[in-house]
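Colleague: Shall we go through this one together, one question at a time? I'd like to see how you get to each answer.

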Amino acid sequence: MKDAFGLPQSLLVLGGTSEIALATARRLIARRTRTVWLAGRPSAALDRAAEDLRGIGADVRTVPFDALDPDAHEEVLGKVFADGDIDMVLLAFGVLGDQASDERDPLSAVRVAQTNYTGAVSAGLVAAGALQAQGHGSLVVLSSAAGERARRADFIYGSSKAGLDTFAQGLGDALYGTGVHVMVVRPGFVRTRGTAGLEAAPPVTTPEAVATAIELGLRRRSETVWVPGTLRLLMSALRHLPRAVFRRLPL
Ligand SMILES: NC(=O)c1ccc[n+]([C@@H]2O[C@H](COP(=O)([O-])OP(=O)(O)OC[C@H]3O[C@@H](n4cnc5c(N)ncnc54)[C@H](OP(=O)(O)O)[C@@H]3O)[C@@H](O)[C@H]2O)c1
């Protein structure tokens with residue numbers, strides 16, 4: 001069960017090697033999280049992530065999970081929830097893709113869309129159903145500021161995150177009053193292994209800063225969290241710029 005401050009005792013991460021998710025797990029373990037499930041594609045990196053979290057005192061289990069295999073989501077997540085209550089599900093999987101090559105190869109673009117959007121629709125609905133059945137819990141969804149407005153540089157990824165974001169907002173409304181809380185997290189550019197070498201306009205943030213914002217959002221039972229918080233205003237201004245102006249910006 002969550003404590004009086006809304007922090008979870010048990011956590012299920014979908015996308016168990018995600019740097020942002022692991023920074024979040026470390027932060028929550030330092031508070032009161034004891035049980036962590038890392039769901040992801042089996043790999044040495046997934047095993048290392050589990051070992052790392054065990055090293056700081058959590059009881060960690062891994063479970064095979066592929067966003068691109070929605071037929072298996074009920075069964076995989078069903079087994080996790082059958083083992084005991086889960087206070088928080090962190091939907092963290094996602095791929096950035098490579099905009100230039102994905103434009104030339106529509107099947108690669110579809111893979112980005114299927115991972116980030118339809119994979120999340122399936123896993124999100126299954127997780128939400130399980131949380132609702134137990135009567136409590138939070139579903140925290142890693143969306144992105146990139147979903148707020150289409151940019152020439154990453155509109156395939158951005159459109160998948162726009163779909164995910166709209167889906168998660170609607171799911172939050174559908175679950176309002178049921179005891180299940182959905183929190184949409186919109187980071188800007190986060191410096192990680194996956195984004196190493198990519199150029200980004202400020203503000204640039206870190207996995208640890210996203211983790212801190214997630215903890216605060218849980219405590220406040222927020223529905224939307226921007227990281228950094230200043231991005232909310234910035235994106236609101238950018239969103240209302242005429243397209244002819246927006247497309248000339250060096251973003
Ligand atoms: N980094 C940023 O700048 C940034 C900004 C805003 C939002 N986000 C979002 O935050 C989330 C986490 O990002 P991150 O920076 O922590 O990235 P990351 O370290 O690259 O993590 C991505 C995760 O997605 C998993 N994944 C990819 N395809 C999958 C599939 N088919 N099935 C299951 N898992 C799959 C990866 O697993 P494998 O180990 O199997 O590849 C990995 O665990 C993503 O949704 C990302 O879009 C990131």
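## Strands, cores and the ligand

Colleague: Which strand pairs with strand β1 (residues 10-14) in the parallel sense?

Modeller: Strands are DSSP runs of E, at least two residues long, while helices are runs of H or I, at least four long, and both are numbered from the N terminus. Two strands pair if DSSP finds at least two bridges between them. Here β1 has four bridges to its parallel partner, where Val89 stands opposite Leu12. That partner is β4.

Colleague: Hang on, what kind of model is this?

Modeller: Residues are numbered from 1 along each chain as its sequence is written. Local features need pLDDT of at least 70, side-chain atom pairs count only at pLDDT 80 or more, and totals for chains, interfaces and linings use all residues, as this is a predicted model.

Colleague: Are the residues on the two sides of β4 buried or exposed?

Modeller: A residue is buried if 20 or more other C-beta atoms, placed from the backbone, lie within 10 Å of its own, exposed if 12 or fewer do, and partly exposed in between. On one side of β4 sit Met88 and Leu90, and on the other Val89 and Leu91. Both faces are covered, and these four residues are all buried.

Colleague: How many residues of β5 (residues 137-142) are buried?

Modeller: Gly137, Leu139 and Val141 point one way, and Ser138, Val140 and Leu142 point the other. Both sets are buried. Out of its six residues, the buried count is six.

Colleague: Which residue of β6 is the bridge partner of Val141?

Modeller: β5 also pairs with β4 (residues 88-91), in parallel over four bridges, and there Val141 is the bridge partner of Leu91. Towards β6 (residues 180-187), β5 has six bridges, again parallel. In β6, the partner of Val141 is Val184.

Colleague: Which helix does the chain pass through between β5 and β6?

Modeller: This β-α-β crossover is right-handed: with the strands pointing away from the viewer, the path from the first strand over the helix to the second runs clockwise. The helix on the way covers residues 155-175 and is α6.

Colleague: Which helix gives the most residues to the largest nonpolar core?

Modeller: A nonpolar core is a set of buried Ala, Val, Leu, Ile, Met, Phe, Trp, Tyr and Cys residues joined through C-beta atoms within 7 Å. The largest has 62 residues, and Val13, Leu14 and Leu91 have the most contacts inside it. Eight of its residues come from the helix at 106-134, α5.

Colleague: Why does Tyr157 count as buried, and what is its number of C-beta neighbours?

Modeller: Tyr157 belongs to helix α6. Its contacts (C-beta atoms, placed from the backbone, within 7 Å), leaving aside neighbours within four places in sequence, are Leu96, Gly97, Val112 and Ala146. Tyr157 is buried because the number of other C-beta atoms within 10 Å is 24.

Colleague: Which element gives the largest share of the shell around the ligand?

Modeller: A residue is near a molecule if its C-beta atom, placed from the backbone, lies within 6 Å of it. Of the 28 residues around the ligand, Ser18, Ala67, Gly94, Val190 and Gly194 come nearest. Two elements give two or more residues, α1 (19-31) and β7 (189-190). The largest share, three residues, comes from α1.

Notes:
Two residues are in contact if their C-beta atoms, placed from the backbone, lie within 7 Å.
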